[in-house]
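Student: Got a minute to go through this one with me? I'd like to start with how helix crossings get their handedness.
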Amino acid sequence: MNSSLSKFSVIKNVRLKDNSSNISGNFFDVLIKDSLIEDVIPSRLDSSYENFLEIDGQGDILSPGFIDLHAHFRDPGFTYKEDFKSGSDAAVNGGFTTVVLMPNTNPSIDNSEILEDQYKRSKDLSVRLLHTGCLTKERKGNSLLDFQEFNSMIEKGCIGFSDDGDHLKESSMIEKALKFFSGRVPLMDHAEDDLLSNEGVMNEGVISSRLGLTGRPKSAEIRAVKQNLEIAQKTGGWIHLQHLSCEESVDLVKEAKNNGVNVTSEVTPHHILYTEDYIETYKFDSQFKVNPPLRTEKDRLKCLEGLKAGIIDVVATDHAPHSDIEKMNIFSETPSGINGLENAFGLVASQIGIAKAIEKMSEKPAQIINKISGLKIGEIKKGFCADFTMISDQKWNMDSIEIKSKSKNYLNQYSTHKEGIFLKGKPLYTIFKGEVINNE
Ligand SMILES: [Zn+2]
């Protein structure tokens, strides 16, 4: 071995999350060889490391880089909203080092050539982009991709299949796909049955009636979640439920987990922060339009509780950029979606604390990705990728950063200016494959 070709660096004087879900009061030095973690040792404080590039952590918190299992970079097809570069810059700004992209692009990602092209085009960015494929041809929900196509996409790094944006309705197709995947990759479902969601624009209830808006009932989600869980139980296949939003879903997932069903699930920052009330309070502000819709306070609290208890595995942003002009449209006409990457950690940590947010936004999603691809991320341990986020534990708001996403449909102004909730845990910079990323 010719060690002179290797690159050594050390991140000094950092605090780490310990196993009991606290941020340690002690300081550590993290040694990196090339792009992997070499060792973690108690901080040598003032002594220097010979032949090591030194990064001074200044007593801040070092987290494994954040990982988002659900984002939309709109590339190809809608790059006026976002593209690989702007999305990646937004991700870095929010402390992410790995982002999983959904396949509802134009064209949609429904064959191995286009999947391969996605990987090729996104390989030199300052975050790791992982790609998913559609379950059905052209994401139309009519016929599953051929099994040969599924296989070749899995070989090319597809880390899950989803018609996200739409629920795959046909039980026989879900069953066929789950059996075929046999736990190698998850079927990631946008669990809202559109026969029931009825093109609604907000949660169905007292407020939607009062505002005269078409409601999107919880029953649409509940029915889809039930259907998915029953088929997962029957087949032993792996279902990943995207962006859960109501209390019944949390109960159903809890029961399924107790019965040994192979299920993982996610919740978004906005579903654990906001409720349908905001649409009325802020007079139809289109930023609050999202699918599944913001629900009631009871639902919000249940999702939060489910997340903390481990019933819901991860926080995923569902970063869904839209242009200013699109979001300026009237509420019922505006496209659904909220941006999430740049304020997700601060929002989540404000609800569950910094250490728990690290677990839900790095460690747990990493375990899911590891199961699919073997990639070793999400832990600060020898042999893992040297992907990190440096976090300060100060309170902050979005005014203190320059937004990198092409789209500005973040909800943060409500949490900071109007509601007086501050974000907690500010991502300072990321280190990706051992290199400090300056997001300029
Ligand atoms: Zn979705």
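Tutor: Definition up front. A crossing is right-handed if the near helix is turned clockwise from the far one by less than a right angle, and left-handed if anticlockwise. Also note that this is a predicted model.

Student: OK, which hand is the crossing of H13 and H14?
Tutor: Right-handed.

Student: Where are those two helices, and at what angle do they cross?
Tutor: H13 covers residues 344-352 and H14 covers residues 354-373. Their axes cross at roughly 125° and come within 7 Å. Angles over 115 and up to 145 degrees count as oblique, so H13 and H14 are oblique to each other.

Student: Which residues make the contact?
Tutor: From H13, Phe345, Val348, Ala349 and Ile352. H14 brings Ile354, Lys356, Ala357, Lys360 and Met361.

Student: How do the residues of that contact divide by character?
Tutor: Seven are nonpolar and two are charged. There are no polar ones.

Student: Switching to the whole chain. How many helices and strands?
Tutor: 15 helices and 17 strands.

Student: What does the radius of gyration say about the fold?
Tutor: The chain has 21 Å. A compact globule of 440 residues would have a value near 22 Å, so the two agree.

Student: And what box do the C-alpha atoms fill?
Tutor: Roughly 65 × 50 × 45 Å, along the principal axes.

Student: What share of the residues is buried?
Tutor: 54% of the 440 count as buried.

Student: Last one. What part of the contacts comes from residues 24 or more positions apart?
Tutor: 76%, taken over contacts with a separation of 6 or more.

Terms used
Residues are numbered from 1 along each chain as its sequence is written. This is a predicted model: local features need pLDDT of at least 70, side-chain atom pairs count only at pLDDT 80 or more; totals for chains, interfaces and linings use all residues. Helices (H or I, at least four residues) and strands (E, at least two) are DSSP runs, numbered from the N terminus. The radius of gyration is taken over C-alpha atoms; the globule rule is 2.2 Å times the number of residues to the power 0.38. A residue is buried if 20 or more other C-beta atoms lie within 10 Å of its own, exposed if 12 or fewer, and partly exposed in between; C-beta atoms are placed from the backbone. Two residues are in contact if their C-beta atoms, placed from the backbone, lie within 7 Å. Axes are lines fitted to C-alpha atoms, for helices over the stretch in contact, and angles run from 0 to 180 degrees between N-to-C directions. Angles under 35 degrees count as roughly parallel, over 145 as roughly antiparallel, 65 to 115 as roughly perpendicular and the rest as oblique. Ala, Val, Leu, Ile, Met, Phe, Trp, Tyr, Cys and Pro count as nonpolar, Asp, Glu, Lys and Arg as charged, and the others, Gly among them, as polar.
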